[in-house]
Amino acid sequence: MEKVLFLSAPLVERIWGGSYFKDNLHLTDNDSIGEMWSVSGLKECSSIILNGKYKGMTLYDLFNEHKDLFNTKDTQFPILIKLIATKDDLSVQVHPDDKYARSVENKLGKTEGWLILDSNESSIVVGHNAKNKDELANYIKNNDYEHLLNRRIVKRGEFYPILPGTIHAIGKNIVLLEVQQSSDVTYRFYDYNRKDKNGNIRELHLNKALDVTNYDEYDNNILNVFESSSNLVWDNKYFNVIYEDINDSYVLKKDSNYLIVTVIEGTIRVNDRTINFGESFILTSYCNEIEIKGKGKIVITKSK
């Protein structure tokens, strides 16, 4: 059976996207790409298997038809990994938890984390200053987002957990890796009165956003992955995120479950195949260990 699955990475246009994937990575001629989906099992935008007997299959179909490769009871591929590059600010958003998303949308909620790869002294939104739902509604009524939203300058290597209920937004001129539950449920809270390509103000989802927003203060103790003495970046109830620095050769060992490996700097080689920045591969349940060669940095994601 297949031990390693190499994957295509679909490129996705966004209103806030730019020329990063064209000018820096030379992957497209499109000047409006905002995301590269390094690993996706979503039916509407799935990764494609590039090697072996399953070459040409979508990850969505492979996961549904060959659960033995993943050794999991999950009913859908649970992880979505994106390389995001912004030219403009993203809309301010909030995600529901599983309970709310299942009852209202019949989908998974969304827990996600951001690893900053390039920031140019840019900022993100994480959290807000309202103490309760009435205060939050009053900020919105007065259009006082300047005082409502918490902004902070980000630095390369910082990792930001974004839990359901956290108001958040990625700022312009940022490149980051996003690791998240495989869900597209997002409630747009504020969008700077921005218009889409057809001249229409983009839809907001204020009632749902108010339903799911929490009022906890965002944790200021932010880990810098590249400066930490620990390789464990984040441990939540859905997945673990682990960082490794590769110098020449590294043997990755695992148990009977599957692992996702994503390159966040440099170039590595696995089974004589080159894996570039932003690309990912999956070690299936049939692979106990593998040698990674080259020089670079990787993120390992393990679903629970």
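## Close-up views of a predicted model

The face of helix α4 turned away from its buried side carries two exposed residues, Asp134 and Lys141. The legends below describe a predicted model.

**View A. Helix α4 has a buried face and an exposed face.** The helix spans residues 133–141, and its buried residues are Leu136, Tyr139 and Ile140. Looking down the axis of α4, these buried residues fall within an arc of 100°, so they line one face of the helix. An α-helix has 3.6 residues a turn, so residues three or four places apart point the same way. The buried residues of α4 pack against three elements: α5 (145–148), β12 (187–190) and α6 (206–212). Asp134 and Lys141 are exposed on the face turned away from that buried side.

**View B. The two ends of α4.** Asn132 caps the N-terminal end of the helix. A side-chain oxygen of Asn132 lies 3.2 Å from the backbone nitrogen of Asp134. After the helix comes Asn143. Phi of Asn143 is positive, near 55°.

**View C. Phe70 and Phe77 form an edge-to-face pair.** The structure holds 14 aromatic pairs. In the pair shown here, the ring centres of Phe70 and Phe77 are 5.9 Å apart and the planes stand at 75°, so the pair is edge-to-face. An angle over 60 degrees is what that label requires. Phe70 is buried, at a relative accessible area of 0%. Phe77 is buried too, at 2%. Both rings belong to one aromatic cluster, together with Phe63 and Tyr258.

**View D. Phe70 in the largest nonpolar core.** This core has 39 residues. Phe70, Phe77 and Ile282 have the most contacts inside it. Strand β4 supplies the largest share of the core, 4 residues. Another core, of 20 residues, lies apart from it; among its members are Val92, Tyr145, Ile167 and Val212. In soluble globular proteins, nonpolar side chains tend to be buried together. Which residues does Phe70 touch, not counting those up to four places away in sequence? They are Leu5, Leu59, Leu62, Phe63, Phe77, Asn257, Tyr258, Ile282 and Ser285.

**View E. A lysine over a ring: Lys297 and Phe226.** The charged end of Lys297 sits over the ring of Phe226. The distance to the ring centre is 5.2 Å.

**View F. Lys82 is a buried lysine in strand β4.** The strand runs over residues 79–85. Is Lys82 buried or exposed? Its relative accessible area is 7%, so Lys82 counts as buried. Leaving out residues up to four places away in sequence, Lys82 touches Glu35, Met36, Trp37 and Ser38. Its contacts also include Leu176, Leu177, Glu178 and Gln180.

**View G. Leu117 is buried in strand β6.** Strand β6 covers residues 112–118. Leu117 has 7% relative accessibility. Its C-alpha atom is separated by 4.9 Å from that of Leu176, although the two residues are 59 residues apart along the chain. Leaving aside neighbours within four places in sequence, Leu117 is in contact with Val175, Leu176 and Leu177. Leu83, Arg156, Ile264 and Phe277 are also in contact with Leu117.

**View H. Asn120 and Glu121 sit in the loop between β6 and β7.** Strand β7 covers residues 123–128. What is the sign of phi at Asn120? Phi of Asn120 is positive, about 55°, although Asn120 is not a glycine. Glu121, likewise a residue other than glycine, has a positive phi near 60°. Asn120 is exposed, with a relative accessible area of 61%. Glu121 is exposed as well, at 56%.

**View I. Gln181 makes polar contacts from a buried position in strand β11.** The strand spans residues 175–181. Gln181 has 3% relative accessibility and counts as buried. Its side chain is joined to that of Asp98 by a polar contact of 3.2 Å. A polar atom of the Gln181 side chain also lies 2.8 Å from the backbone nitrogen of Thr111. Setting aside neighbours within four places in sequence, Gln181 is in contact with Asp98, Leu108, Gly109, Lys110 and Thr111. Its contacts also include Pro78, Leu80, Tyr238 and Phe239.

How values were computed:
Residues numbered from 1 in each chain as written. Predicted model: local features only at pLDDT ≥ 70, side-chain atom pairs only at ≥ 80, totals over all residues. Heavy atoms only, no water. Phe/Tyr/Trp six-rings, centres within 6.5 Å; stacked < 30°, edge-to-face > 60°. Buried < 20%, exposed > 50% of the residue type's maximum accessible area, 1.4 Å probe, protein only. Lys NZ or Arg CZ within 6 Å of the ring centre and 35° of its normal. Contact = heavy atoms within 4.5 Å. Arc of directions from axis to C-beta. Polar contact = N/O pair within 3.5 Å; in protein donor to acceptor, adjacent residues only side chain to side chain. Core = buried A, V, L, I, M, F, W, Y, C linked by side-chain atoms within 4.5 Å.
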